[in-house]
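User: Please take a close look at a single part of this model. I am new to it, so start with one residue and work outward.

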Amino acid sequence: MSTTNFSTGGTQTITFQELLCSHSLVGRLQQESLSFAALNILLSITAFVGNSLILVALHKDSSLHPPSKLLYRCLATTDLLVGLVSQPLSASSWMLSAHEHWIPCRYASTATFITSHVLCGVSLLTMTAISVDRLLALLLGLRYRQIVTLKRTYIVVVTFWVQSSVAALCYALDYRIANWYGLTVVPLCYAISIVSYTKIFCALSHHHAQIQDHVHPNAMNTTQYKKAVYNALWVQLALVVCYLPYGFVEFMIRQSKTYSSHLVIIGGVAGTSTFLNSTLNQFLYCWKISEVRQAVKQTIREAFSCQ
């Protein structure tokens, strides 16, 4: 196991990208680096192809409320771009590291960091917006469609992209800015989602208790609403499970003074886990949302019939 000490006695923060392109740590990890590169290429293909189908399916589906559909389309777009941009860059970083091209490796890993943080940041903010959207649908009732409009949702989505892009580009100026942004926004997003779903399930539980003795006229709407909430919750949980390992690795790197090659491998696993979410989401859509599943099947049949 190779180890090295990056401590400079100042305020400099070491990043995983610097560790990945460090000869003293990665010089003997050629096989592992090539394995990570191959895995990222495979996941890149599945993320791109699968989310392309999901976007076509969402375009055909007319059952979802347009603002809700826009949020899911935004999420699928970020997943597609992860497969199209971030994962090929990540694979390039690992390949350059395996062949000991350290300067190009640093450029590729920096580009990976910036693009992945833009896309993952938009995904996290979008999932938070979906949880708030489901809560507003419950609280506003008939006023929901008047208040949550497509135009306002477009403004929210554009804000997410601008905010995440600015935060990621701050890495090029001062990594500490991006670091503090992550330490503030990520816990805030998780907290908002937890509060939203807690309020939703408390309200649904109270509603269920009220209709035990008689049939509620909106029972069918309640059933459809529950289904939409559980669909969103599955996607939210998948994001949390896939993103948390990378957060732990970043914490370990910030707290360490001496680094080992094992930490690079753990970081590679955590980074790949984050990218895995872009492939996993498409299967969740098809599994949990029957309309999307049928549209995907129809799209595949049409593609083969044309051939």
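Analyst:
**Leucine 34 and its surroundings**

Leucine 34 counts as partly exposed, because its relative accessibility is 35%; buried means under 20% relative accessible area, exposed over 50%, and partly exposed in between (1.4 Å probe, protein chains only). This is a predicted model: local features need pLDDT of at least 70, side-chain atom pairs count only at pLDDT 80 or more, and totals for chains, interfaces and linings use all residues. Residues are numbered from 1 along each chain as its sequence is written, and side-chain values use heavy atoms, with hydrogens and water left out.

Leucine 34 lies in helix α3. Helices (H or I, at least four residues) are DSSP runs, numbered from the N terminus.

Now the surface. Leu34 joins Ile41, Ile45, Phe48, Val49, Leu84, Val85 and Met95 in a nonpolar patch of about 650 Å². Such patches take residues with over 30% relative accessible area and no salt bridge (a side-chain nitrogen of Lys or Arg within 4 Å of a carboxyl oxygen of Asp or Glu). Nonpolar side chains (Val, Leu, Ile, Met, Phe, Trp, Tyr) are joined within 5 Å. Areas come from the Shrake-Rupley method with a 1.4 Å probe. α3 and α4 each give two or more residues to the patch. α3 gives the most, with five.

Next, isoleucine 54. Leaving aside neighbours within four places in sequence, isoleucine 54 is in contact (heavy atoms within 4.5 Å) with Ala76, Gln282, Tyr285, Cys286, Val292 and Val296.

Conventions. Patches are made of residues with over 30% relative accessible area and no salt bridge: like charges are joined within 9 Å, nonpolar side chains (Val, Leu, Ile, Met, Phe, Trp, Tyr) within 5 Å.
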